[in-house]
Amino acid sequence: MQYGTFDNDRYEYVITDAHTPAPWVNYLGSTEYGAIVSNNAGGYSFVKSGANGRILRYHFNGSDTPGRYIYLRNRKKGHQRLLTRFPDVCRHGTGYTVMEAEFEGIKAEITFYVPEGGRHEVWAVRLKNSSGDKASFSVTGYAELTNNSNYEQDTVNLQYSQFITRTEFKGNRIRQMLHANLDGTSLATEHSLEERMFALCGAKISSYCGDRTEFLGVWGDYTDPEGLKDGKLPGTLNYGENSCGALMTDIDLKPGEETFLAFLLAQADNSEAEKICAGYEKDCAKVCERELEEIRRVRHGIFSNLQVRTPSPEFNTMVNIWNAYNCMITFDWSRAASFFYCGLRNGYGYRDTVQDIQGIIHLEPEKARERIDFMLSAQAANGGGLPLVKFTHTPGKEDTPDEESYRQETGHPAWRADDALWLFPTVHKYICETGNTGYLDREILFADKESGTVYEHLKRALQFTKERQGKHGMPAGLHADWNDCLRLGAKGESVFVAFQYYLALKIMSGYAELKKDTEYFRLLEQEKDRMEQVLETECYDGDRYIRGFAEDGEVIGAAAAPEANLWLNPQSWSVISGMPDEEKGKTALDNVLKTLNTEYGAMLMMPPFKDKAFDGAISIIYNPGMKENSAVFSQSQGWLILAEALLGRGDRAFLYYMENCPANQNDRAEIRVMEPYVYGQFTEGQMSPHRGRSHVHWLTGTASTMMVASVEGILGIRPDVSGLLLKPAFPAEWDRVEIRKKFRGKDLKITVLNPGHAESGFVSMRVNGKEVPEPYVPEEMMTEKTEIELKIS
Ligand code: GLC
């Protein structure tokens, strides 16, 4: 079934059947003020933190209520419609959401957005009388305000939070105060007055209500609230229990006439509230239109740094718009706020954040670099990444998992094996995108003590892994490697990390060469050879790489094991790491296709753990086919695509791409359930009765990994320090691909021609008309506008 369509010209997804299989959401705003809005207006708003800055209430795991509600009521007949729940049309754009609903001849268009750089949200309402008669209606906006900006206090600690709240009516707005009694008091407490506003601009208020029970009724029904029954709001304010903002205005429209008004929501004291409202006083409609235009200009401008045209509309839609947008949102919010994450994790996960950066490097390299700086400053002097980087992170002054204080505060008991190793591909992508090799000399503090150049930070990351090895000379698996449910311990060993380490050594020896650090270069090459030797002799089991060794020496992922005998990541990473034995990599990946693949992607491993799990196999907690226990873990699908593309097997790469591509399942939405325009964390695997159902939307490492797989893998855009290598691997049936890319300030127009229908390859290439011997464009050949024509067959 299909509930909507992509409107790529407008960068929108258009939902025409509001009864989607789950709330399909959009993100508005920035890290200063965020708002999540579903296609039925459900969702919450928050200042900085989803957990500690929540101002608009939302019930998780329920029926997608409450939300940003706008009611239209026929004043003569007393009929009404809640326009924003089950609207006729919902258009999610990049940074705004529009709802269209018609009621008794009035056409309404409501746009939710947060202005660029703003710390408030706007619900802009345009109404048009499309009937032939005069219309007398009222419009009411309703915002259910939290009683505490901490979501937990608001939702469950009612014996406290219900008694600190009150509202007052001030001209054009409801003002909510939390801890109002502390205003002006000299008494020092851990609390202070907090204020929110819900205002109406562009129209005169005819009635109001600041008390939720008075608006909704005790047994409240959002579609038919008690407070609207008399045709006007009761004018009641709140003193304890629950606040709300409800504002009504009356409108009279001649046939064909239009009107415009805007509700505004913010956490703001009186003077700020006045300032915000003043901005909309004159020409409210124009102000809103300008603000929306600015959102489009900024976001679409970022997308314009890479635009592709391939024969696959699904691929184009994802790479040009929705995957890019998904990466931007995940970059901003890490795992902080969605309908699945409440924001309580008080910081950034190391690996997640370093991975997320990769998704935006080709779009916003300098923004990415700032976050890389930050993450390097969260690397301890021993080379390991702090598993959780607190929002209050103070470089040079942090404690680490070696200290009880850190463990207590963060709940993270130990180092993880992979965290700092993610820095290598991420830093390298940044350097190759920009050519900024000087970045290696940038001095950055370590998290706990000392300081060093980026080069030194990377050295220490390698040292961290080298110092923690198991019996076979492989990197220890520690508390977790990429897989949070795999505890291989200090003595156990991880093949995934070994391949990561191999890649890191390779990247680093390139840097050592660049820096003429000859002795270190020699050591790196030696270590690389040693790693290869161990991986090939100890970790290859006929047709697959094993997953690792448990602390007691048990082989995890051995071909003969009754459970979990084939794991996806070691196979794909053997290729990604660039280890020379391509044949083994191919065999391993063929095995993946045969054993792990489903029509929704390849599963993380098979068979799932049930009776034979070793002690560190935490994934046994999940139902088979779910999460790390044999789901299609979508991030891993990205690595699989990349691996196949690196091998030049374009058909396979694209097969995997399409299996897990949200846009490709638009017409099977009842199976996928999740939004058809964003990636999720996982899709249920073969062992689940709900195969294909997908979960944990938006904030996921899948976004960046898929982006890298698409751009570097399928499109084959692989910058290096001095230029650009082009090695696409796409379906043989594609004739032609066009790419527009901004690269180091230049506009590149790349055309790939495939008249002979190959999956990859090289026949010839011209740069600005000049033939080059290989599919490589040195930076010095690039002009302001560079035309590149690559023939692969
Ligand atoms: C989740 C975590 C991520 C981890 C993955 C696999 O997506 O956010 O850190 O790598 O699960 O366990």
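In this predicted model, strand S5 (residues 45-47) and strand S6 run antiparallel and are joined by two bridges. One pairing can be named: Phe46 has Arg54 in S6 as its bridge partner. Both strands belong to an open sheet of four strands, ordered S3-S4-S5-S6, with antiparallel pairing. Strand S3 (25-29) and strand S6 (54-56) form the edges, and each pairs on one side only. On average, neighbouring strands of this sheet are turned by 20 degrees against each other, direction ignored. A helix also meets this sheet. Helix H6 (residues 313-333) lies across S3, strand S4 (33-38) and S5. The helix runs at about 60 degrees to S3.

A second open sheet holds five strands in the order S8-S7-S13-S18-S17, and its pairing is antiparallel. Strand S8 (80-82) and strand S17 (207-211) stand at the edges. Each has a single partner strand, so one side of each is left without a neighbour in the sheet. Neighbouring strands here are turned by 15 degrees against each other on average, direction ignored. Strand S7 (residues 69-74) runs antiparallel to S8, and three bridges join the two. Within this pairing, Tyr71 has Leu82 in S8 as its bridge partner.

Strand S43 (residues 785-791) shows how side chains can alternate along a strand. Thr786, Ile788 and Leu790 point to one face and are buried. Lys785, Glu787, Glu789 and Lys791 point to the other face and are not buried. S43 pairs with strand S39 (residues 746-753) through seven bridges, and these two strands run parallel. Here Ile750 has Ile788 of S43 as its bridge partner. S43 also pairs with strand S40 (residues 764-767), this time antiparallel, through four bridges. Met765 has Leu790 of S43 as its bridge partner. Ile788 and Leu790, named in these two pairings, both belong to the buried face of S43.

Helix H16 (residues 634-646) allows a simple check of geometry. At 1.5 Å a residue, its 13 residues should span 18 Å. The end C-alpha atoms are 19 Å apart, which agrees with that expectation. H16 is mostly covered, with twelve of its 13 residues buried. The buried residues include Trp639, Leu640, Ile641 and Leu642. Ser634, Gln635 and Glu644 are also among them. Just after the helix, Gly648 takes a positive phi of about 85 degrees.

Aromatic rings were examined next. The whole structure contains 50 aromatic pairs. One of them joins Tyr348 and Phe374 in an edge-to-face arrangement. The ring centres are 5.6 Å apart, and the planes stand at 75 degrees. This pair links distant parts of the chain, with the two positions 26 residues apart in numbering. Tyr348 sits in strand S21 (residues 347-349), and Phe374 in helix H8 (residues 365-376). Tyr348 has a relative accessible area of 17%, which is under the 20% cut-off, so Tyr348 is buried. Phe374 has 25% relative accessibility and therefore counts as partly exposed. A set of nine rings elsewhere forms one aromatic cluster: Tyr3, Phe6, Tyr13, Trp24, Tyr27, Trp322, Tyr325, Tyr677 and Trp698.

Val678 lies in the loop between helix H18 (669-672) and strand S34 (680-683). Its relative accessibility is 0%, so Val678 counts as buried. Neighbours within four places in sequence aside, Val678 is in contact with Asn326, Pro662, Arg672, His697 and Trp698. Trp698 is also a member of the aromatic cluster. Val678 and Asn26 are 652 residues apart in sequence. In space, their C-alpha atoms are 9.7 Å apart.

Cysteines were considered last. A disulfide requires sulfur atoms within 2.5 Å, and the count by this rule comes to zero. Cys90 is in no disulfide, and the nearest cysteine sulfur, that of Cys288, is 18 Å away. Cys90 has 2% relative accessibility and so counts as buried. Cys539 likewise counts as buried, because its relative accessibility is 0%.

Note on methods
Residues are numbered from 1 along each chain as its sequence is written. This is a predicted model: local features need pLDDT of at least 70, side-chain atom pairs count only at pLDDT 80 or more; totals for chains, interfaces and linings use all residues. Side-chain values use heavy atoms; hydrogens and water are left out. The expected span of a helix is 1.5 Å times one less than its number of residues. Buried means under 20% relative accessible area, exposed over 50%, partly exposed in between (1.4 Å probe, protein chains only). Two strands pair if DSSP finds at least two bridges between them. Axes are lines fitted to C-alpha atoms, for helices over the stretch in contact, and angles run from 0 to 180 degrees between N-to-C directions. Contact means heavy atoms within 4.5 Å. Rings of Phe, Tyr and Trp (its six-membered ring) pair if their centres lie within 6.5 Å; planes under 30 degrees apart count as stacked, over 60 as edge-to-face and the rest as tilted.
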